[in-house]
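User: I'm new to this structure and would like to walk through it with you. Can we start with what happens between the parts of one chain?

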Amino acid sequence: MEKNGKGVSMPKSSLKSTPSKDDSSQKSKEGRKVQFNNGGSPEERFDYSKSNGKSSSSADKGGNGSTANGKASKSKEKEPLELRLDQDRLKNAKCLMDSEAAEILQGIQDQMTLLSQDATIKLPVSFHKGLSYAQANARYTNTHSVRRVLDTLKKHGVVDGEISVIANACPETAEEVFALVPSLKSKKSILKEPLEVALMVIKPLRKVDSTSV
Amino acid sequence: MFFHIVLERNMQLHPRYFGRNLRDNLVSKLMKDVEGTCSGKHGFVVAITGIENVGKGLIRDGTGFVTFPVKYQCVVFRPFKGEILEAVVTMVNKMGFFAEAGPVQIFVSNHLISDDMEFQSGDMPNYTTFDGSIKIQKDSEVRLKIIGTRVDATEIFCIGTIKDDFLGVINDPTA
């Protein structure tokens, strides 16, 4: 972990609470938050701060800690919406379900075997990793039907990114969807029924996996 | 998550590649330069799926190189905060465990692992529940949530958690 080895600093007071796993009741009371600074700032470090995202705690060390904590409360609000906010950054980007990505990448790999006469064109390592990941998570026998069913949720205000997360997660119930995609919680009353219907429709389209729990 | 996106890049081509196969040379150079790279904004460029448009070339002053603006479609993989992913555990230690989802590495700190799981060292280090019913070890499949991302020059590194509802082990290789 050289990348994060630069500065792993822990405020002295929080060291008292960390030693053993027996302090589980204390842990749940404090609600510690591990924060990971986004954006690659030169001083990246894990800040173990007693914060529920609402207020800064006295355990901070110096200015960096307090700004980080200020960020923590903001990022906690931002976090559920991150999927939505980042959609603006990637305009013209189409979110792909893992099944769709697997089909596309498999097609490319099949093409590459034809083009393999040019020895200098090689598929990068990330391609093979991406392909095996997509194939492992491609859970549906008919991707187009799943896409059509889940796209009906768009009229209730569900964005592309959220639809892809729902498809990739293969949830059993609407409750699971709201737990996994917190940004939909605000529309729970509107979405619950259409979600249940959509999940019921796509359930038979799942590939039967003998190794799943 | 995978995205299908249109990107643009200025490709510089040496005059030796001009001629009948100019476009093919441009496309192969694009593939060599771009596939497998990673950027903060778009994530990993996993594969180029097609060329949308090749603009007019501009000869650079002082050299014979020509710059072509190329618009291409590609599949990218970019993890987002709040995203739910299924990853395969690659390494377990007392600080937590590392998992891989496609080209992305994710670290789950022991503080973001359920309190009822404890680290067990040994030949096959793992995290096990007190009753021994659930184990996280190398090659286990876990469902986790991304809570932070960092982009390096060549890769994206994420922090994840399995402490929320509906997260945790999916598949135990020893079962």
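User: How many residue pairs are in polar contact between domain 1 of chain B and domain 2 of chain B?

Analyst: Bear in mind that this is a predicted model. The count takes pairs with both residues at pLDDT 80 or more. Between domain 1 of chain B and domain 2 of chain B, the number of such pairs is zero.

User: And how many salt bridges does the rule find across that interface of domain 1 and domain 2 of chain B?

Analyst: Chain B splits into domain 1 (2-77) and domain 2 (84-171). On the side of domain 1 that touches domain 2, there are three nonpolar, three polar and no charged residues. Across the interface, the number of salt bridges found is zero.

User: What share of the area buried between the two domains of chain B do carbon and sulfur atoms give?

Analyst: The buried area between domain 1 and domain 2 of chain B comes to about 590 Å². On the domain 1 side, B:Cys38, B:Phe44 and B:Phe77 lose the most area, together 79% of what that side buries. For the whole buried area, the carbon and sulfur share is 82%.

User: Let's move to a sheet. Which residue in strand 10 of chain B stands opposite B:Met117?

Analyst: Three strands of chain B make an open, antiparallel sheet in the order 9-10-11. Its edges are strand 9 (117-120) and strand 11 (135-136). Strand 9 pairs with strand 10 (residues 126-129) over four bridges. Facing B:Met117 from strand 10 is B:Thr129.

Terms used. Residues numbered from 1 in each chain as written. Chains lettered and ligands numbered in written order. Predicted model: local features only at pLDDT ≥ 70, side-chain atom pairs only at ≥ 80, totals over all residues. Heavy atoms only, no water. Domains from an automatic or database assignment. Buried area = accessible area lost by both parts, 1.4 Å probe. Salt bridge = Lys/Arg side-chain N within 4 Å of Asp/Glu carboxyl O. Polar contact = N/O pair within 3.5 Å; in protein donor to acceptor, adjacent residues only side chain to side chain. Nonpolar A, V, L, I, M, F, W, Y, C, P; charged D, E, K, R; others polar. Pairing = 2+ DSSP bridges. Helix = DSSP H or I, 4+ residues; strand = E, 2+ residues; numbered from the N terminus.
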